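Here is a short briefing for a first look. Keep the sequence and the 3D view open as you read.

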Amino acid sequence: MLQARIRRQLSLPALAIALSLAYNFAAAVELDPKAISIKLPDQINWVANPSGSESAVLVGDPNKPGLYVVLNKWKAHHNSKPHSHPKDRFITVISGTWWVGTGSDYDPEHLQPVPAGSFVTHYGNEIHYDGAKDEDTVLQIVGIGPATSTPAPAK
């Protein structure tokens, strides 16, 4: 009994050393940049927009033809006015609650909440408006450029 207890106690430090060496070896292995690209949060370049949001282009260029992926951060208490986009856009709510409305009559009292983890499609040429209420909200938007926005006609 005593010998088994001593073996377990001796094996715990050995196990800790082995795990430490394995971790250090794994951390020292470099990833092949031809195979993977990683941007950590502090490496994402956010740009302020006059609408009360910030954006960061992850893939492509939303101003040119082709696929684009952007992050959009709606700052608390900022909304867009009714508008449309010419092509479908596919949006995932990353954090916070996104508030959305449809139609050309801007009615912020009737915005509907869309919580983090939700997926939304904005259909091309359909009028909507959106934003954040009491907290910043981060969205990932995927679409085909050029990504333009057309204000809804005033009624």
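The points below cover a pocket, a nonpolar core and two residues.

This is a predicted model. Its largest pocket has a volume of about 610 Å³. Its largest nonpolar core has twelve residues in all.

**The largest pocket**
- The lining of this pocket is made of 26 residues.
- Asn49, Ser53, Asn72, His85 and Arg89 lie nearest the pocket centre.
- Two or more lining residues come from each of β2 (53-59), β3 (66-74), β6 (89-95), β10 (128-132) and β11 (137-145).
- β3 gives the largest share of the lining, four residues.
- By class, the lining has 13 polar, ten nonpolar and three charged residues.

**The largest nonpolar core**
- Nonpolar side chains tend to be buried together in soluble globular proteins.
- The members of this core are Tyr68, Val70, Trp74, Ile91, Val93, Trp98, Val100, Val114, Val120, Ala132, Leu139 and Ile141.
- β3, β6, β7 (97-102) and β11 each give two or more residues to the core.
- The largest share, three residues, comes from β3.
- Ile91 is one of the core residues. Beyond four places in sequence, Ile91 touches Trp98, Ser118, Phe119, Val120, His122, Leu139, Gln140 and Ile141.

**Thr102**
- Thr102 sits in strand β7.
- Is Thr102 buried or exposed? Thr102 is exposed, because its relative accessible area is 66% and exposed means over 50%.
- Leaving aside neighbours within four places in sequence, Thr102 is in contact with Ile127, His128 and Tyr129.
- His83 is 19 residues from Thr102 in sequence, and their C-alpha atoms are 9.1 Å apart in space.

How values were computed: Residues numbered from 1 in each chain as written. Predicted model: local features only at pLDDT ≥ 70, side-chain atom pairs only at ≥ 80, totals over all residues. Heavy atoms only, no water. 1 Å grid on protein atoms, 1.4 Å probe; cavity = no way out; pocket = protein on both sides within 12 Å on 5 of 7 lines; lining within 4 Å. Points joined across faces, edges and corners; volume = space filled by probe spheres on them. Nonpolar A, V, L, I, M, F, W, Y, C, P; charged D, E, K, R; others polar. Core = buried A, V, L, I, M, F, W, Y, C linked by side-chain atoms within 4.5 Å. Buried < 20%, exposed > 50% of the residue type's maximum accessible area, 1.4 Å probe, protein only. Contact = heavy atoms within 4.5 Å.
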